[in-house]
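Please open the structure in your viewer and keep the sequence panel beside it, since each stop of this tour begins with a selection.

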Amino acid sequence: MGEAILHDLASKKGVREDWLIDSAGTGGHEAGSRIYAGAQRVLKKYGINYEHIARQITAQDFDKFDLILGFDTDNIRNLERIKPKNSKAEIKLVNFFNEKRKNKNIEDPWYPDTNEAFEAVYTDCLEACTTLLNQKK
């Protein structure tokens, strides 16, 4: 969901071409899957039509991207484990950029699988992506 929101915000701001935006999981269990229906439903509610096929993060991603974000501390731990020693990519929580919920985990909406859970993720991602886009000019 974060990828779709950042892509949408950057496009609306006219800076989409300045950003390399992608998402990947730290585990491969969802690789090859489309955006989960709950996430797609919330994105569409806010006028974001986005397609994505899930993939697993690779060591090469740490050379390709300057900043890699994780939803929670488990993601961050896994990213630090995967990150090559010579990589200069920064790893941060998504909510590092969310002033309202600074450095809080984003709970996985899959487990409650409720609209409220997906709305909460949308809100966190929107806040964080808006700040990130405004800070990294």
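The tour goes from helix packing to single residues.

This is a predicted model, in which local features need pLDDT of at least 70 and side-chain atom pairs count only at pLDDT 80 or more, while totals for chains, interfaces and linings use all residues. Residues are numbered from 1 along each chain as its sequence is written, and side-chain values use heavy atoms, with hydrogens and water left out.

**First stop: H1 and H5**

Select residues 2-13, helix H1, together with residues 115-135, helix H5, whose axes come within 9 Å and cross at roughly 45°. That angle makes H1 oblique to H5; angles under 35 degrees count as roughly parallel, over 145 as roughly antiparallel, 65 to 115 as roughly perpendicular and the rest as oblique. The axes are lines fitted to C-alpha atoms, for helices over the stretch in contact, with angles running from 0 to 180 degrees between N-to-C directions. Helices (H or I, at least four residues) and strands (E, at least two) are DSSP runs numbered from the N terminus. Now show the side chains of Gly 2, Ile 5, Leu 6, Leu 9, Ala 10 and Lys 13 in H1, which meet a set of H5 residues including Tyr 122, Cys 125, Leu 126 and Cys 129; contact here means heavy atoms within 4.5 Å. By class, this contact of H1 with H5 has 10 nonpolar, three polar and one charged residues, where Ala, Val, Leu, Ile, Met, Phe, Trp, Tyr, Cys and Pro count as nonpolar, Asp, Glu, Lys and Arg as charged, and the others, Gly among them, as polar.

**Second stop: H2 and H5**

Keep H5 displayed and add H2, because the axes of H2 and H5 also come within 9 Å, crossing at roughly 60°, which makes H2 oblique to H5. Which residues of H5 does H2 meet? They are Asn 115, Phe 118, Glu 119 and Tyr 122, met by Gly 38, Ala 39, Arg 41, Val 42, Leu 43 and Lys 45 in H2. The residues of this contact of H2 with H5 divide into five nonpolar, two polar and three charged.

**Third stop: Met 1 and Gln 40**

Select Met 1, in the segment before H1, and list its contacts beyond four places in sequence, which are Ala 39, Leu 43, Phe 118, Val 121 and Tyr 122. The C-alpha atoms of Met 1 and Gln 40 are separated by 8.0 Å, although the two residues are 39 apart along the chain.

Move next to Gln 40 in helix H2, which is buried at a relative accessible area of 12%; buried means under 20% relative accessible area, exposed over 50%, and partly exposed in between, with a 1.4 Å probe and protein chains only. A polar atom of the Gln 40 side chain lies 3.2 Å from the backbone oxygen of Tyr 50. Not counting residues up to four places away in sequence, Gln 40 touches Ile 35, Tyr 50 and Glu 51.

**Fourth stop: two loop residues**

Select Ile 53 in the loop between helix H2 (37-45) and helix H3 (61-64), where Ile 53 is partly exposed, with a relative accessible area of 42%. Outside four places in sequence, Ile 53 touches Gly 32, Ser 33 and Arg 34.

Finish at Ser 87, in the loop between helix H4 (73-82) and strand S2 (90-93). Is Ser 87 buried or exposed? With 9% relative accessibility, Ser 87 counts as buried, and the Ser 87 side chain reaches the backbone nitrogen of Ala 89 at 3.1 Å.

Methods:
A polar contact is a pair of N or O atoms within 3.5 Å; within protein, one must be able to donate a hydrogen and the other to accept it, and residues adjacent in sequence count only if both atoms are side-chain atoms.
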